[in-house]
Amino acid sequence: MLNVTLIILSAGNSTRFDYPVKKQWLRIENKPLWQFVAERFNQFFEFKKTILTANKNEVRLYEKLCDYTIVPGDKERQLSLKNALEYVDTEYVMVSDVARACVPKEIIQNLLQNPADCTVPFIKPVDTVVYENSTIDRDKVKLIQTPQLSRTEILKRALDTDKLFTDERAAIEAIGGEIKYISGSEKSKKITYFKDLNLSCLKKPSKDIFTGTGYDTHKFEENKEMFLGGVKIDVDYGFKAHSDGDVAIHALIDALLGAAGYGDIGEFFPDDDPKFKGISSVKLLEYVKETLLKTGFEIVNADLTIIAQKPRLKEYKTKIQRNLSDLLGARVNVKATTNEKMGFIGRCEGVAVIANANLKYKDWHEDYNSRK
Ligand SMILES: Nc1ccn([C@@H]2O[C@H](COP(=O)(O)OP(=O)(O)OP(=O)(O)O)[C@@H](O)[C@H]2O)c(=O)n1
Ligand SMILES: C[C@](O)(CO)[C@H](O)COP(=O)(O)O
């Protein structure tokens, strides 16, 4: 059996896809497309290693959801591939676009049974082909697909150039490598535009609701501004913190990240990173919201309980509630209570906040059907 590493390229920006969620983050039942595709390939063959390229800000999110080798991509497909090749030590490497989500098993098996310097699937055009205003013989035209199986050493050598190619085959062809062609499949269509989602292997996203909880406390600090839920509280003390200390937003961020399975606020915004010194926690919340929406979630609702002996929040609750609801684009409820003068809160040393948040997957399947 061939020694093969699988590389799934998924660090693109889905520009042409023109949808709030990048295609590699569409949920197929409960899995992001990148995980669905990687697991599907691994059902068809025992690869020695599976590598995925991911947007550099999403590597950590992939690692939360799988044990594959996740490599930061780059601004071009070929550069992302070169990053991934650094981790390949098998004789062969199979490279596929995450966007080709429904590659049939027999294509993969046929590639593996026909190794060469580069073996690629193709389909034949069924339309008349015009090249620079001249009709050409369409029987001589091949529409190239992925996955492509390459001899690793040859591919690395072929990519040791500044010239950019749109696929591995072209690079290997450019150094005189032996190219083998096998029949491809319409099922290997690349998801480029939103309308390309009419692929039978793509199951609609789960309708599950995901709940997360957050808890945070901050000590009081004299001569600092106080913000809670992004609202300025009119007192002459604030919270001791690396950021602006908005303990309500911090608990809410942890609830949102918890619901998504993305870890916690400290992983996203380390409190020893100078770039977050004194930062408005509203900016942190906006970044988390954008990350959730871009990676396939919708925010359903959130509920906060602020536990504070002081300051009195009666006149601020509605403002905080409205501000957080506007920031998230979802219903946020805010409760406030004292601690009956018990413990550190009762001694007016600081404030605690407990938050809950619910998320669901963006229903791309419903959006697809409504656009048809
Ligand atoms: N810098 C890049 C660009 C693309 N890809 C991957 O290469 C595959 C083919 O690229 P394409 O279909 O063009 O995806 P995008 O680059 O995301 O699409 P667009 O060009 O519309 O932005 C995709 O699976 C994409 O995730 C990548 O890993 N790194
Ligand atoms: C690699 C590929 O899928 C072969 O047809 C195609 O070249 C990728 O093009 P893209 O513009 O990077 O999607």
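## The largest pocket

Welcome to this predicted model. A good place to start is the lining of the largest pocket, whose residues divide into eight nonpolar, 16 polar and eleven charged. The lining is made up of 35 residues, and the pocket has a volume of about 850 Å³. If you want to find its centre, look for Gly-12, Asn-13, Arg-16, Glu-76 and Arg-77, which lie nearest to it.

Three elements each supply at least two residues of this lining: β1 (4-10), β4 (49-54) and α3 (77-85). Of these, α3 gives the most, with three residues.

## The second largest pocket

The next stop is the second largest pocket, with a volume of about 320 Å³. Here 16 residues form the lining, and those closest to the centre are His-218, Ser-243, His-250, Phe-269 and Asp-271. Two or more residues of this lining come from each of β13 (209-222), α7 (247-260) and α8 (265-268).

The strand β13 gives the most to the lining of the second largest pocket, with three residues. Sorted by class, this lining has eight nonpolar, five polar and three charged residues.

## Aromatic pairs and a cluster

Now for the rings: the structure holds 19 aromatic pairs. One of them joins Trp-25 and Trp-34 edge-to-face, at 5.8 Å centre to centre and with 80° between the planes. Trp-25 has a relative accessible area of 0%, so it counts as buried. Trp-34 is buried as well, with a relative accessible area of 0%. These two tryptophans also belong to one aromatic cluster, together with Tyr-62, Phe-210, Tyr-262, Phe-297 and Tyr-361.

Another edge-to-face pair is formed by Phe-220 and Tyr-237, at 5.0 Å centre to centre and with 75° between the planes. Phe-220 lies in strand β13 and Tyr-237 in strand β16 (residues 237-239), so this pair ties together parts that are 17 residues apart in sequence. Both Phe-220 and Tyr-237 are buried.

## Charges over rings

Some rings have a charged partner. Tyr-237, already met as the partner of Phe-220, has Lys-310 lying over its face, at 4.3 Å from the ring centre.

A second example involves Arg-60 and Phe-268. The charged end of Arg-60 sits over the ring of Phe-268, 4.3 Å from the centre of that ring.

Technical notes:
Residues numbered from 1 in each chain as written. Chains lettered and ligands numbered in written order. Predicted model: local features only at pLDDT ≥ 70, side-chain atom pairs only at ≥ 80, totals over all residues. Heavy atoms only, no water. 1 Å grid on protein atoms, 1.4 Å probe; cavity = no way out; pocket = protein on both sides within 12 Å on 5 of 7 lines; lining within 4 Å. Points joined across faces, edges and corners; volume = space filled by probe spheres on them. Helix = DSSP H or I, 4+ residues; strand = E, 2+ residues; numbered from the N terminus. Nonpolar A, V, L, I, M, F, W, Y, C, P; charged D, E, K, R; others polar. Phe/Tyr/Trp six-rings, centres within 6.5 Å; stacked < 30°, edge-to-face > 60°. Buried < 20%, exposed > 50% of the residue type's maximum accessible area, 1.4 Å probe, protein only. Lys NZ or Arg CZ within 6 Å of the ring centre and 35° of its normal.
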